[in-house]
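Got the viewer open and a free hand on the mouse? Let's take a walk through this one, stop by stop.

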Amino acid sequence: GGSDPLMNTLSGVEVQFANTDLPSKATGNRILSNSIYGNVRLGIDLNFTNNPPGVTDNDLDPPADSDDGPNHLQNFPEITSARRTTRLIGGHRRRVTLVRGKLNSEAAKNYRVQFFSSPTADPTGFGEGKSFLGEEIVSTNSSGEAGFTFITRKRVPMGHAVTATATNQSSGDTSEFSHAKTVS
């Protein structure tokens with residue numbers, strides 16, 4: 001990591017190994033509920049030491065997540081929308097942030113999807129996580145797909161970025177942060 005806590009010149013968390021470490025090194029790393037932001041590189045980077053650091057694309061071809069690497073290269077969630085709205089909660093109208101999206105990963109598994117907000121996205125367009133918003137457990141179907149709708153009453157200002165991670169409940173592998181979605 002970097003020496004200045006306000007500007008880390010590397011990734012916030014790097015889970016990495018060399019191809020010679022296959023098949024089971026650097027896996028099962030749960031990265032949960034942390035404030036990870038202000039990094040020059042990604043907030044969380046799953047990378048091989050013989051490849052350049054950066055976003056690891058999701059693998060979506062069946063079977064999804066059949067590849068191997070750090071944290072088994074766990075797919076990140078895909079956020080399709082993030083918007084401020086009101087909902088009836090406890091008989092009162094409350095301002096909430098509604099986040100919708102999907103996860104395509106290993107079939108018939110449970111995943112802890114955690115949601116975060118930051119004033120801006122990482123320069124790559126992917127997220128970091130300054131403020132933890134909450135989480136929900138999603139279960140993938142036999143095709144490895146799961147949709148989610150997450151509602152938080154924590155204040156997320158318009159224009160801030162929302163992002164998410166997915167952690168396989170069985171293996172403990174946490175993904176990189178998802179592509180950021182601006183709250184509208």
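Which residues form one aromatic cluster with Phe-115? Select Phe-148 and Phe-150 along with Phe-115 and you have it: the three make up one aromatic cluster. Before going on, keep in mind that this is a predicted model.

**Stop 1: the three-stranded sheet**

Now select residues 78-89, which are strand 3, and 145-152, which are strand 7. Together with strand 4 they form an open sheet of 3 strands, in the order 3-4-7, with antiparallel pairing. Strands 3 and 7 are at the edges with a single partner strand each, so one side of each has no neighbour in the sheet. On average, neighbouring strands here are turned by 25 degrees against each other, ignoring direction.

Add residues 92-104 to your selection: that is strand 4, which pairs with strand 3 over 11 bridges in the antiparallel sense. For a spot to zoom in on, pick Thr-86 and look across to its bridge partner in strand 4, Arg-95. What holds such strands side by side? Strands of a sheet pair through backbone hydrogen bonds, and they can do so parallel or antiparallel.

**Stop 2: the four-stranded sheet**

Clear that and move to another open sheet, with 4 strands in the order 6-5-8-9 and, again, antiparallel pairing. Its edges are strand 6 (131-139) and strand 9 (181-182), each of which pairs on one side only.

Next, highlight strand 5 (residues 110-118) and strand 8 (residues 161-168), which run antiparallel and are joined by 8 bridges. Two places to click: Tyr-111 stands opposite Asn-168 of strand 8, and Arg-112 has Thr-167 of strand 8 as its bridge partner. On the strand 9 side, strand 8 pairs over 2 bridges, antiparallel once more. There, Val-162 has Lys-181 in strand 9 as its bridge partner.

Stay on strand 8 for a moment. Is it buried or exposed? Of its 8 residues, 8 are buried, so the strand is largely enclosed by the rest of the structure. In a regular strand, side chains alternate between the two faces of the sheet. Try colouring the two faces separately: Ala-161, Thr-163, Thr-165 and Thr-167 are on one side, with Val-162, Ala-164, Ala-166 and Asn-168 on the other, and all of them are buried.

**Stop 3: ring pairs**

Back to aromatics: how many aromatic pairs does the structure hold? There are 5. Start with Phe-76 and Phe-126, whose ring centres are 5.4 Å apart with the planes at 80 degrees, so the pair counts as edge-to-face. Phe-76 is in the loop between strand 2 (44-48) and strand 3, while Phe-126 is in the loop between strand 5 and strand 6, so the pair ties together parts 50 residues apart in sequence. Both of these residues are buried.

Then select Phe-116 and Phe-132. Their ring centres are 5.5 Å apart and their planes sit at 55 degrees, so this pair is tilted. It links distant parts of the chain, with Phe-116 in strand 5 and Phe-132 in strand 6, 16 residues apart. Switch on the surface to look at the two: Phe-116 counts as buried at 2% relative accessibility, whereas Phe-132 counts as partly exposed at 26%.

Key: Residues numbered from 1 in each chain as written. Predicted model: local features only at pLDDT ≥ 70, side-chain atom pairs only at ≥ 80, totals over all residues. Heavy atoms only, no water. Pairing = 2+ DSSP bridges. Axes fitted to C-alpha atoms, helices over the stretch in contact; angles between N-to-C directions. Buried < 20%, exposed > 50% of the residue type's maximum accessible area, 1.4 Å probe, protein only. Phe/Tyr/Trp six-rings, centres within 6.5 Å; stacked < 30°, edge-to-face > 60°.
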